[in-house]
Each structure stands twice: as C-alpha cells, then as structure tokens.
Amino acid sequence: MKLHELRDNPGATPKRTRVGRGPGSGKGKMGGRGIKGQKSRSGVAINGYEGGQMPLYQRLPKRGFNKPNRKAFAVINLGLIQKFVDAGKLDAKAAITEDALVASGLVRRKLDGIRVLAKGEISAKLNLEVTGASKAAVEAVEKAGGSLTVTKAAAAE
C-alpha cells in the first residue's frame, strides 16, 4: 500500500448537503425551510417553546436546594493509599498529611480538605492527618496498627 492509495471506507463520509444552491440540487430555493414563518428565518432559537402552552420545564415541580457555601472534599479510598505506599510514592514511616497526598499525585487538589473512605484493603501501618474520614476508614487504619487524625477544615481563601 502506498500513501496515494489510502482511502476511507465507502460510505464512511457522506457528501455534505449544500443547501440553497439551485433547483437541480433538490434543496434549492427555500433550502428545506418551507415558506415564511419564524423557523424559515435566520437567528431563531425556540428551545422548549410549546406554542404558548405552559412548557414542560415550568409544569414540573422544583425540588431541592444547593447550599452556595457548601464544602467540597477531595475523596480518596484506603485501597489507593495502600497502592501508592506499595509503589513507593508515599512514605509509610512519615506522617501522611494532605500536602503529602497532593505531592504524591494521589489527589489533584485539596479543595476544602481531603476525606478518606474505607474502600479497599490497607495493610501498612500509617499515620494519616486529613480533614475528614468515615468511621469504617478510621477503624480499618487502626486495625492495621496505624492512626488516623481528623483535623479541622481550614477556611478556603
């Protein structure tokens, strides 16, 4: 095979319909837009408009509330921490702080703090210092012979 022999599969790229290019094209004159009316003109956006009937998005009840100042935590699982310790990216002997977790690449950014969840197995004896942790995660770390300290979340700048 040579470069000039390269072709796409037949039918893989359909020919583009050139609208409004004369009667012979089959899409000439009105260009498939019909006669007059709002939709035949340019610059029209009528998403969700139902001809004056009350639109669906207004008929359905509104539910819930999103707290504007809610805290967002970066979430990590114990299994991932163990994986990073085994790979040598985290030092199990030193205290593992939030900054150490970010530096190792386990978490991209701290957000309002880091919360540890109990998914996965942990066998290393770790000394973790994080903003939050589930009860199961605390138990799992202590069962492995380590300690998990929950610190207060620092105010976001």
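This is a friendly dialogue on reading features in a predicted model.

Biologist: Let's begin with the record. Which residues does the UniProt annotation "domain: Large ribosomal subunit protein uL15/eL18" cover?

Modeller: According to the unreviewed UniProt entry, that annotation covers residues 75-148. Over residues 75-148 the chain is 35% helix and 20% strand. The C-alpha atoms at the two ends of that stretch are 15 Å apart.

Biologist: On to charges, then. How many salt bridges does a search of the whole structure find?

Modeller: The general idea is that side chains of opposite charge can pair when their charged atoms come close. Here, the search of the whole structure finds two salt bridges. One of them joins aspartate 99 and lysine 110, with 2.9 Å from N to O. Aspartate 99 belongs to helix α3 (residues 98-104) and lysine 110 to the loop between α3 and β2 (114-117), so the pair ties together parts that are 11 residues apart in sequence.

Biologist: And which residue forms a salt bridge with arginine 59?

Modeller: That partner is glutamate 50, and the closest N and O atoms of the pair are 3.3 Å apart.

Biologist: Are the residues of these bridges buried or exposed? Take arginine 59 as the starting case.

Modeller: Neither word fits arginine 59: because its relative accessibility is 42%, arginine 59 counts as partly exposed. Glutamate 50 has 30% relative accessibility, so glutamate 50 counts as partly exposed. In the other bridge, aspartate 99 is partly exposed at 49%, and lysine 110 is partly exposed at 31%. The cut-offs are under 20% for buried and over 50% for exposed, with partly exposed in between.

Biologist: Now for rings. How many aromatic pairs does the count come to?

Modeller: A pair of aromatic rings is described by the distance of the centres and the angle of the planes. In this model the count comes to zero aromatic pairs. A ring can still have a charge over it, though: the charged end of lysine 89 sits over the ring of phenylalanine 84, 5.0 Å from the ring centre.

Biologist: I also like to look at backbone angles. What is phi of leucine 111?

Modeller: Phi of leucine 111 is near 55 degrees, a positive value in a residue other than glycine. Leucine 111 is placed in the loop between α3 and β2, and at 51% relative accessibility leucine 111 counts as exposed. Lysine 36, likewise not a glycine, has a positive phi of about 45 degrees. Lysine 36 is in the segment before α1, and with a relative accessibility of 65% lysine 36 counts as exposed.

Biologist: What about the surface: which residues form a nonpolar patch?

Modeller: Met1, Leu3 and Leu6 do, with about 440 Å² of accessible area together. Leucine 3 lies in the segment before α1 (56-59). Its relative accessibility is 76%, so leucine 3 counts as exposed.

Biologist: And is isoleucine 114 buried or exposed?

Modeller: Isoleucine 114 is buried, because its relative accessible area is 0%. Its place is in strand β2. Along the chain, isoleucine 114 and phenylalanine 73 are 41 residues apart, yet their C-alpha atoms are separated by 5.3 Å.

Biologist: Sequence separation and spatial distance deserve separate looks, then. How many Å apart in space are glycine 64 and glutamate 129?

Modeller: Glycine 64 and glutamate 129 are 34 Å apart in space, C-alpha to C-alpha, and 65 residues apart in sequence. Glycine 64 sits in the loop between α1 and β1 (74-77), and at 77% relative accessibility glycine 64 counts as exposed.

Biologist: Where does lysine 15 lie?

Modeller: Lysine 15 lies in the segment before α1. At 80% relative accessibility, lysine 15 counts as exposed. From lysine 15 to tyrosine 49 there are 34 residues in sequence and 32 Å in space, C-alpha to C-alpha.

Notes: Residues are numbered from 1 along each chain as its sequence is written. This is a predicted model: local features need pLDDT of at least 70, side-chain atom pairs count only at pLDDT 80 or more; totals for chains, interfaces and linings use all residues. Side-chain values use heavy atoms; hydrogens and water are left out. UniProt positions are given in the numbering used here, feature names are shortened, and annotations may be inferred rather than shown by experiment. Helices (H or I, at least four residues) and strands (E, at least two) are DSSP runs, numbered from the N terminus. Patches are made of residues with over 30% relative accessible area and no salt bridge: like charges are joined within 9 Å, nonpolar side chains (Val, Leu, Ile, Met, Phe, Trp, Tyr) within 5 Å. Accessible areas come from the Shrake-Rupley method with a 1.4 Å probe; for residues, only the protein chains shown count as cover. A salt bridge is a side-chain nitrogen of Lys or Arg within 4 Å of a carboxyl oxygen of Asp or Glu. Buried means under 20% relative accessible area, exposed over 50%, partly exposed in between (1.4 Å probe, protein chains only). Rings of Phe, Tyr and Trp (its six-membered ring) pair if their centres lie within 6.5 Å; planes under 30 degrees apart count as stacked, over 60 as edge-to-face and the rest as tilted. A charge sits over a ring if NZ of Lys or CZ of Arg is within 6 Å of the ring centre and within 35 degrees of the ring normal.
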